[in-house]
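User: I have a structure open and have not looked at it before. Can you walk me through it?

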Amino acid sequence: MSQTYDRRKFLAEMLKFPPATIVLGVIGPVKLLAAAGDDDDGYEPTEHYYAMGIRVEECIGCGKCVQACKLENDVPDEPFYFRTWVERYIVYTDGEVQVDSPEGGIHGFPPVADESFPPVADGKEILRTFFVPKLCNHCDNPPCVQVCPVGATFKSQDGVVLVDEDYCIGCRYCIQACPYGARFLDPRTHTANKCTFCYHRITKGLLPACVEVCPTQARVFGEIGDRSTPLNRMMRMSHLEVLKPHMNTEPKVFYTALDGEVR
Amino acid sequence: MIKSLLRSVIALRTWIRGWRRGSSSRKIPTQVIQLGVIFLAVGVGMFLLRQKFVPETFGDLGHYRAAAVAANAELELRYAGWQECAACHPDKVETKNASFHRNVSCEACHGPASDHTNRPMRLRPELPTGREPCLACHRYLASRPTGFPQIIEERHNPVRACTGCHDAHDPTPPESIQECSACHNTIARSKAVSPHAPLDCEVCHDTPAEHKMQPRAHVPKKPFEREFCGTCHARDAQPPEVIRDVDLTVYDIPRIDLITHGGTFVCWQCHYQHSPEAR
């Protein structure tokens, strides 16, 4: 680099700065204003990062969440298509674990034990028994997104794992990849279907349908991050666990009082 | 094809070497031009195919169609949210929010209501009746958390609808009635688990007010003829007003033919009225 700056050239270069500053100073705010004008409903996905909390100790297994989910999201009626479902765990004193979920718990659960205390079922004493609601974990590191060959399932900017129904080819890779069994193939459209955290509701500022109807606040919805939400409070106050942490999927559905037997 | 391609590549290499040394002529050999044409054709082809097959808005935000996010957000609402209910029914919501049901949203019992909020006069949400809607949450199940209020339905006023005693919007259990049961506890207990549970004592026993003060001097009346039981149990009897909060779809009143049933016996010679076993 043998080129050197003489004084004349330097001054000439310096003269370019004021106009450039003015031009940029005008463009910046105009761009910002234009961006604000685009956003009519005031929803900015980058400002949110959704997650859910489930307080296992509060769940009464009434199945209202399952009903609400089916109605709200037009999930097929057959008792094996669910975006969310409730499982009942029964741990016997001999260590045997029994899990059932009759029709996903949509009509509640039949009594399994007699009315004695401690309760007895099938002649065996029950050590503990509880309900565990399940749904898509909206993993931060979602295996279903990795395997999709066409990019029809993805993690949105607000942290929700969604399915692009118009673009899904129905190959079922994602259904196999999900370690939580949270996906199914919609028999009507032959596309993958799953919980969206009721994306059409949360973007309007409403709660997901299952959270709205939960009578005991066993389901807590909110955001991860600085914003004050009921979830943030729950996460601060409770010992949290996630399902299958060893899978490294980094789930965003957090459970409190989760029993070691829950898979 | 591959051979000619190889030849072109070799020609390109020799030409570049020659050009570097400055010895070769500056003219581009035909093989190199051929190769260039092939590359250009492949490139243009790829570009056109991409234009055709990669959907619009794909890759705007990531490896997906940005339009799919909007499509997911478009679904129609079914559950309106309790805030919508509170706009028109503030009294109900206020009562509920001060009661044990404060965290139960309206639509948990009344079902999805956005059809109703869109056209309030034409479509009404469900009105839960009978015992089953309450039992969905309050039936005893061993798996429910300790401390959650639960009942054993066979022992908790079996045939009575829940709303007969509890207001669903303010479900605090009513004070137990200490009127007759204060003295006649055994009778009250058998009656409470019998089909006659919803009947007040006064339905059958016309009791003078002084009975509480001077029980022996003012004795309540007892039924003394078959026709009294027949007011409910005769074949053509209408269910009287006193049992209107009983869910008659679950429990039906047993009917008999008053003339032929039981011969000359009166009812209480075979049935115990406080726990009638006939079903």
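Analyst: Here are some notes on the model, beginning with how to read it. This is a predicted model, in which local features need pLDDT of at least 70, side-chain atom pairs count only at pLDDT 80 or more, and totals for chains, interfaces and linings use all residues. Residues are numbered from 1 along each chain as its sequence is written, while chains are lettered from A and ligands numbered from 1 in the order in which they are written.

User: What scores does the model get for ipTM and pTM?

Analyst: The ipTM is 0.78 and the pTM is 0.72. For chain B the mean pLDDT is 85, with 92% of its residues at 70 or more; pLDDT is the predictor's confidence in each residue, from 0 to 100.

User: What is chain B made of, helices or strands?

Analyst: Chain B has 11 helices and zero strands. Helices here are DSSP runs of H or I with at least four residues, strands are runs of E with at least two, and both are numbered from the N terminus.

User: And what are the spans of chain B along its principal axes?

Analyst: The C-alpha trace spans about 140 × 45 × 40 Å. The radius of gyration of chain B is 42 Å, whereas a compact globule of 279 residues would have one near 19 Å. That radius is taken over C-alpha atoms, and the globule rule is 2.2 Å times the number of residues to the power 0.38.

User: Switching to the interface: how many residues does each chain put into the contact?

Analyst: Chain B gives 34 residues and chain A gives 42. Two residues are in contact if their C-beta atoms, placed from the backbone, lie within 7 Å.

User: Which helix supplies the largest share on the chain B side?

Analyst: That is α3(B), with four residues. Helices α3 (66-72), α6 (106-110) and α8 (132-138) of chain B each supply at least two residues of the side that touches chain A.

User: Which residues does Leu162(A) touch?

Analyst: Leaving aside neighbours within four places in sequence, Leu162(A) has contacts including Phe154(A), Tyr199(A), Ala68(B), Val69(B) and Asn72(B).

User: One more topic. How do β2 and β3 of chain A pair?

Analyst: Strand β2 (residues 84-92) and strand β3 (residues 97-100) of chain A are antiparallel, over four bridges; strands pair if DSSP finds at least two bridges between them. Ile90(A) is opposite Gln98(A) of β3(A). The hairpin has four residues between these strands, and Gly95(A) in the hairpin has a positive phi near 95°.
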